[in-house]
Amino acid sequence: MALNTLITMARLNPNSLSQKVTAVGRSTIYSWFQGTRLPQNEDEFLVVVHYCQARIREQRLTQPEPTDDRGWRQLLRDARMSERLGGFDELSNEQAHGRHGHGRTMSEWDPVTLGVHKAIGGVVPSYIPRDHDVVLRAVLDPTVTKNRLVVLRGGSSTGKSYSAYRAVLELLTDWTVIYPPTPAMLKRLVEADLEPRTVIWLNELSEFTAPVGGTTALEAIVDILERVGSSSVFVITSVWPERWKKYLEGSGGNDPTYAVLRRLLIPLPELANRSVRSIDPASGGVVDVAEYFSAAEMSRACESSDPILQAAVESISPGDRAQIAQYLAGVPDLLEHFEGPGADPYGRAVIRAAVDIARFHETVTLSLDFLSEAAVGYLDDRERALAPDNWNDCAIDYATTELKGAVRALEPVPPERGIGIVGYRLTDYLDQHSGSAVWGNSPPAEFWYAALEHFDVKALNRLGNQAVQKDLLRIGGQFWKKGISGGDGSSALNLFELMLLIHPDDTTPHEWIAGQIPADGWAIDVLERFWQTGSHVAFDSLAIRLARHLPSTEARAVPALLNILVNAGAAVPIGVVLRHDLVGIVSLEDLHLIPFFELGGVPALGEFLDDLCRIGAAEQSAAIAYRLAREVSFEKPYDVARVIDLLWDRNRDAIAELLRRNPAKNILAAGSHGSAELLVSLYRIGAGSQVSEFASRVSTEIDLRDSDLVFSALRSLHVTASFECIAVLLSRSPADKVSLQFPYNSFDLLRFLAEFHSYDTPGDQFAILSERIVAETSMNDPGIVASVLAELRELQAFGLFEKFLDRDPIDHVSIEDAQGIAELLMELLTARKHDEIEECCRRSIVNLVQRNPAMNCSLGGLDNPRETLSLLFRSLIMANSDVSVLSDRITAHKFRDGNPLGQMAAYVDNLSRQSSVDFSTLVYSGYVRRDNELGIVWVGHWSNWLWGCEPDRSNSSEWSWSDL
């Protein structure tokens with residue numbers, strides 16, 4: 001299955017792969033891919049592996065394990081041995097389906113296996129009905145026969161899995177429940193013929209977002225949910241709130257897994273505060289699980305005769321918020337074990353090392369060597385001097401001790417096959433709260449050096465980034481340099497910028513990077529910086545190497561390379577490039593991954609065609625243009641639109657070739673992203689009949705749940721004067737159907753509807769959508785509340801603005817969200833300048849200040865503490881609120897990155913006492929310097945921070961390239 005994953009990550013299939021790797025037969029590749037036969041010839045097997053690895057490097061994705069030939073050979077030999085022993089699937093049917101491979105009902109599953117936490121005493125406690133259960137059971141209504149996804153969103157140890165388990169147990173009693181523990185198993189199960197009345201139980205969604213196999217597994221779920229004709233397959237999973245935000249905001253960059261996650265999650269309706277009658281089970285939805293028990297839930301818990309529940313209730317002091325689920329899962333005992341006064345110092349040191357790595361890196365299996373070496377830095381002088389000989393073994397025993405049969409700080413991780421322990425993983429609760437918890441300053445030096453020694457090359461770039469963000473410049477440089485030596489070019493540009501900043505006249509690092517960086521897409525970015533900074537020796541060396549190894553570099557980087565060489569006038573490397581068959585090298589198969597090379601400053605393919613003409617290769621330019629016209633896939637409208645735009649002013653004969661393929665009729669999904677762009681492109685080139693045909697398809701096929709799609713469709717129909725089609729689309733009443741999970745996604749649509757009332761057919765679509773936004777927006781997130789208020793203010797919909805405030809969001813927003821509270825307060829301060837809403841804004845400001853955000857906002861887990869807290873200072877001062885409490889809190893606070901925000905707090909507090917302050921430059925005026933290339937923020941006097949600092953926050957002494 002590892003080969004299957006490799007081929008999939010390379011975005012190939014057996015057919016396309018067999019066309020590229022002619023040394024291996026098509027039927028052979030198919031049998032390998034489908035798992036019906038193992039490779040017999042190792043040389044043929046490695047040819048396929050090498051080609052797929054090259055394709056993955058071209059796409060700048062992380063290589064799956066194993067990464068070397070030795071590892072792949074061993075994997076093949078292990079699979080052959082496993083086959084002789086009775087099958088080479090990495091998971092048996094029994095693990096996912098049950099004893100007989102036909103699935104289990106929920107009553108046959110052990111709830112602990114499905115992720116339900118054991119309670120104190122090692123047993124699953126009696127279930128207390130939760131307030132969200134009525135919503136959860138409504139969306140799981142089995143009488144509505146349509147596939148759906150249901151997500152329970154809440155923190156670790158809040159009862160998500162137990163709620164879902166009980167709902168399925170009682171509502172879907174005789175349904176089949178399958179639990180695939182890995183992305184590979186999920187993909188295989190979903191691709192099989194699933195019977196109706198089946199629950200796919202995914203437990204934590206994060207378990208299926210791994211770079212290896214995660215994308216294809218999630219795409220298989222999308223296929224199930226969109227499959228026409230199938231019925232009653234329910235997918236149930238859970239997610240932490242911060243991960244939910246990360247997935248939907250696209251924090252994963254260009255990771256294709258995040259694109260699939262957005263396809264899965266964005267259409268889901270938010271079910272919080274919804275009446276049961278208003279829920280459409282067929283749409284699935286998001287069910288929020290509260291961190292604390294409500295008064296009604298506490299009342300039900302008090303009525304229970306379960307002694308464990310009685311003890312949980314008695315543990316809640318008067319006035320405290322009721323964390324009953326956390327108590328049952330052993331969280332208080334876990335925290336006491338970790339940071340209580342009686343905690344073993346050596347065990348605590350091991351746990352702290354695991355907590356700190358969780359702040360900087362995705363959940364990983366930690367080796368015993370890393371934990372033992374890193375833990376030394378968390379011990380004081382006396383503890384190090386008096387440590388027993390077996391201190392590290394005792395520390396691991398302490399960290400893995402099961403507390404009252406419920407929870408461990410570190411969970412032992414077994415090998416994929418066989419028995420034993422290969423490492424340790426931080427328990428969920430500590431993992432989730434590692435980013436916001438205040439457990440000491442920046443990690444000690446031993447932590448960084450242990451990570452440098454024991455983490456694989458794929459982790460080094462990220463850890464180096466984290467070190468530099470904490471001003472540990474020398475240590476960050478060491479991570480980056482080792483990563484490049486290990487074959488990962490992703491950190492080369494960062495290392496170059498760092499050394500240019502520290503020692504601008506020393507070209508030794510440039511020349512080392514030029515010789516060490518792999519000849520892939522990352523090297524193109526570095527080459528451009530060599531040229532821009534006048535590092536001629538390094539530029540010439542790397543340019544020649546890239547030109548010679550062009551076939552093995554990233555195919556989509558060829559246009560970027562040629563553009564740099566042409567602009568630099570590098571005649572010798574250009575001559576080497578022209579010896580290659582550029583028409584055959586340039587990849588046209590995956591245009592959707594990097595839309596014509598425009599991301600990250602890479603030049604467009606159009607410039608590539610122009611550059612070829614400039615250096616006398618006009619025939620190759622024309623041949624590539626015709627390839628584009630003949631081969632661009634009609635699966636994605638955006639790709640076709642970009643081809644039309646690119647060729648229109650360069651090769652109109654190629655445009656005619658493309659139009660003969662009739663994209664208006666043959667595009668597979670006229671209702672998907674890119675359709676609006678294609679319609680405008682067809683209109684711009686005067687393809688009249690195709691414009692009419694495609695406009696009609698867009699108006700009837702567009703997915704009304706996606707507000708971005710609806711808005712872009714309406715805008716393109718307006719630009720192309722397809723007014724009748726606008727009326728058709730609006731007659732489908734999109735305002736009633738668009739998802740408001742993130743209200744700000746619908747603002748563009750709202751503005752369009754406000755401007756073009758005359759098209760409305762089923763009623764005032766603007767009124768419908770704006771009323772829905774006012775009525776359905778969640779009141780919990782102050783940032784979302786602020787964005788809705790800002791939009792209504794800009795539309796001068798003052799009646800709706802006041803109606804929204806009448807829902808009293810001020811009393812419901814999370815006062816702990818410092819960034820959101822600052823944004824909300826600033827919006828109210830801005831909006832009160834309008835006479836129509838001055839009074840309601842004034843009341844809301846008073847009510848918000850009375851909740852005392854200066855005292856109650858959380859200082860932990862801030863993505864950008866300086867900017868967030870300066871905005872909060874500004875808004876509180878403008879609201880005539882005392883900021884001295886906030887200043888004192890910041891001064892005393894131990895921020896997890898160790899940055900001296902206490903200095904900033906005193907500085908801001910001092911400014912706030914002056915009569916006139918320019919708050920727009922409050923933080924960065926003279927006191928803070930930012931290096932834009934590296935993203936380093938320097939606090940204090942620049943001369944003191946030139947060389948960065950050490951883990952103990954002391955200034956580093958002067959260092960150079962030889963010190964890395």
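Is Arg652 buried, exposed or partly exposed, and at what relative accessibility? In this predicted model, Arg652 counts as partly exposed, at 48% relative accessibility. The side chain of Arg652 takes part in a salt bridge with Asp649, where the closest N and O atoms lie 3.9 Å apart. Asp649 itself is exposed, its relative accessible area being 60%.

## Salt bridges

The structure contains 27 salt bridges. The table lists three of them, including the pair described above.

| Arginine | Acidic partner | N to O distance |
|---|---|---|
| Arg614 | Asp611 | 3.1 Å |
| Arg652 | Asp649 | 3.9 Å |
| Arg842 | Glu839 | 2.5 Å |

The pair Arg614 and Asp611 belongs to helix α32, which spans residues 605-614. Because these two residues are three positions apart in α32, about one helical turn separates them. Their surroundings can be described through accessibility: Arg614 is exposed, at 55% relative accessibility, whereas Asp611 is buried, with a relative accessible area of 2%. This salt bridge therefore links an exposed arginine to a buried aspartate.

The pair Arg842 and Glu839 lies in helix α47, residues 838-850. Here too the partners are three residues apart, so they are separated by about one helical turn. Arg842 is partly exposed, at 41% relative accessibility, and Glu839 is likewise partly exposed, with a relative accessible area of 40%. Elsewhere, Arg137, Arg166 and Glu170 are joined into one network by salt bridges that share partners.

## Packing of α32 against α33

Two packed helices are described by the angle between their axes and the distance between the axes. For α32 and helix α33 (residues 618-631), the axes come within 7 Å and cross at roughly 150°. Since angles over 145 degrees count as roughly antiparallel, α32 and α33 are roughly antiparallel to each other. The crossing in which α32 passes α33 is left-handed.

Which residues of α32 meet α33? On the α32 side they are Leu605, Phe608, Leu609, Leu612 and Cys613. Their counterparts in α33 are Ala618, Gln620, Ser621, Ile624 and Leu628. By residue class, this contact between α32 and α33 comprises eight nonpolar residues, two polar residues and no charged residues.

Helix α32 thus appears in two settings: it carries the salt bridge between Arg614 and Asp611, three residues apart within the helix, and it contributes Leu605, Phe608, Leu609, Leu612 and Cys613 to the contact with α33.

Terms used:
Residues numbered from 1 in each chain as written. Predicted model: local features only at pLDDT ≥ 70, side-chain atom pairs only at ≥ 80, totals over all residues. Heavy atoms only, no water. Salt bridge = Lys/Arg side-chain N within 4 Å of Asp/Glu carboxyl O. Helix = DSSP H or I, 4+ residues; strand = E, 2+ residues; numbered from the N terminus. Buried < 20%, exposed > 50% of the residue type's maximum accessible area, 1.4 Å probe, protein only. Axes fitted to C-alpha atoms, helices over the stretch in contact; angles between N-to-C directions. Parallel < 35°, antiparallel > 145°, perpendicular 65-115°, else oblique. Left-handed = near helix turned anticlockwise from the far one by under 90°. Contact = heavy atoms within 4.5 Å. Nonpolar A, V, L, I, M, F, W, Y, C, P; charged D, E, K, R; others polar.
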